[in-house]
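Work through the exercises below with the sequence and the model side by side. Try each task before reading its solution.

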Amino acid sequence: MPAWTCPDCGRVFNRANTKHRCGTGDRAAMLAHRPPQLVALYEALEDAVRAFGGVEVVTHDRYALFRTTRVFADVVFMKDALRLALQLDRAFDDPRFFKTVQDARGRVQQVTLLRDGADLAAVLPCLCAAHTFAGG
């Protein structure tokens with residue numbers, strides 16, 4: 001059960017009094033002036049994530065956070081790709097991930113670049129695992 005609902009914005013978090021910005025940002029502003037192919041790729045990513053169910057998308061400037069009651073993935077618009085970081089309970093042995101960091105509790109962050117739909121399709125199982133790990 002989630003521990004806390006912000007009395008100002010109604011967003012739900014795992015820990016009481018979680019520091020956050022109220023609201024979920026301005027998606028249109030994040031997508032404005034981005035290359036059309038990256039906007040289309042981001043929209044496909046967001047559609048895939050929303051299909052998992054129970055997902056909130058928080059946007060700001062050039063990034064989006066995908067969360068249940070905690071963040072399980074974040075995406076940053078780069079010049080020619082989307083940088084996707086996943087929060088996982090285990091590392092996936094996949095050469096697409098160029099960075100893997102494990103903390104003392106065994107939680108793993110893996111980072112990849114998405115340049116097209118094939119890249120997105122390849123990491124969807126990992127994205128699903130991150131959603132499940134976040135309690136989705």
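The exercises go from the overall fold to single residues, and the model they use is a predicted one.

**Exercise 1. The fold**

Task: State how many helices and strands the protein has, and in which pattern they follow each other.

Solution:
- Step 1. Count the elements. The protein has three helices and eight strands.
- Step 2. Read along the sequence. The pattern is β-β-α-α-β-β-β-β-β-β-α.
- Step 3. Turn to burial. Of the 136 residues, 39% count as buried.
- Step 4. Look at the contacts between residues at least 6 apart in sequence. Of these, 47% join residues at least 24 apart.

**Exercise 2. The aromatic pairs**

Task: Find the two aromatic pairs and classify each by its geometry.

Solution:
- Step 1. Choose the quantities. A pair of aromatic rings is described by the distance of the centres and the angle of the planes.
- Step 2. Take Tyr42 and Phe66. Their ring centres are 6.3 Å apart and their planes stand at 20 degrees, so this pair is stacked. The cut-off for stacking is under 30 degrees.
- Step 3. Place the two residues. Tyr42 is in helix H2 (residues 36-51) and Phe66 is in strand S4 (residues 63-67), so the pair ties together parts 24 residues apart in sequence. Tyr42 and Phe66 are both buried.
- Step 4. Take Tyr42 and Phe77. Here the centres are 5.7 Å apart and the planes are at 40 degrees, so the pair is tilted.
- Step 5. Place this pair too. It links Tyr42 in helix H2 with Phe77 in strand S5 (residues 71-77), 35 residues apart. Phe77 is buried, as is Tyr42.
- Step 6. Combine the pairs. Tyr42, Phe66 and Phe77 form one aromatic cluster.

**Exercise 3. A glutamate beside the cluster residues**

Task: Decide whether Glu46 is buried or exposed, and list its partners.

Solution:
- Step 1. Locate the residue. Glu46 lies in helix H2.
- Step 2. Check the accessible area. The relative value for Glu46 is 5%, so this residue is buried.
- Step 3. Find the polar partner. The side chains of Glu46 and Tyr42 make a polar contact at 2.5 Å.
- Step 4. Add the other contacts. Leaving aside residues up to four places away in sequence, Glu46 touches Arg27, Val57 and Phe66.

**Exercise 4. Helix H3**

Task: Test the length of helix H3, then describe its bend, its ends and its packing.

Solution:
- Step 1. Work out the span. H3 covers residues 117-133, which is 17 residues, so at 1.5 Å a residue it should span 24 Å. Its end C-alpha atoms are 24 Å apart, which agrees.
- Step 2. Look for a bend. H3 bends by about 45 degrees at Leu124, and Pro125 follows within four residues.
- Step 3. Inspect the start. A side-chain oxygen of Asp116 comes to within 3.1 Å of the backbone nitrogen of Ala118.
- Step 4. Inspect what comes after. Gly135 follows H3 and has a positive phi, near 95 degrees.
- Step 5. Find the buried residues. Among them are Leu120, Val123, Leu127 and His131.
- Step 6. Relate this to helix geometry. An α-helix has 3.6 residues a turn, so residues three or four places apart point the same way.
- Step 7. Name the packing partners. The buried residues of H3 pack against H2, S5, strand S6 (82-88) and strand S8 (108-114).
- Step 8. Add a charge over a ring. The charged end of Arg70 sits over the ring of Phe133, 4.5 Å from its centre.

**Exercise 5. Loop residues**

Task: Give the phi and the exposure of His33 and of Asp61, then place Pro35.

Solution:
- Step 1. Recall the background. Most residues other than glycine have a negative phi.
- Step 2. Take His33. Its phi is positive, about 65 degrees, although His33 is not a glycine. His33 sits in the loop between helix H1 (27-31) and H2. It is exposed, with a relative accessible area of 85%.
- Step 3. Take Asp61. Its phi is positive as well, about 45 degrees. Asp61 sits in the loop between strand S3 (56-60) and S4. Its relative accessible area is 54%, so Asp61 is exposed.
- Step 4. Place Pro35. This proline lies in the loop between H1 and H2. It is partly exposed, at 26% relative accessible area.
- Step 5. Look across the chain. The C-alpha atoms of Pro35 and Asp80 are separated by 8.1 Å, with their positions 45 residues apart along the chain.

Definitions and conventions. Residues are numbered from 1 along each chain as its sequence is written. This is a predicted model: local features need pLDDT of at least 70, side-chain atom pairs count only at pLDDT 80 or more; totals for chains, interfaces and linings use all residues. Side-chain values use heavy atoms; hydrogens and water are left out. Rings of Phe, Tyr and Trp (its six-membered ring) pair if their centres lie within 6.5 Å; planes under 30 degrees apart count as stacked, over 60 as edge-to-face and the rest as tilted. Helices (H or I, at least four residues) and strands (E, at least two) are DSSP runs, numbered from the N terminus. Buried means under 20% relative accessible area, exposed over 50%, partly exposed in between (1.4 Å probe, protein chains only). A charge sits over a ring if NZ of Lys or CZ of Arg is within 6 Å of the ring centre and within 35 degrees of the ring normal. The expected span of a helix is 1.5 Å times one less than its number of residues. The bend at a residue is the angle between axes fitted to the seven residues ending there and the seven starting there. Contact means heavy atoms within 4.5 Å. A polar contact is a pair of N or O atoms within 3.5 Å; within protein, one must be able to donate a hydrogen and the other to accept it, and residues adjacent in sequence count only if both atoms are side-chain atoms.
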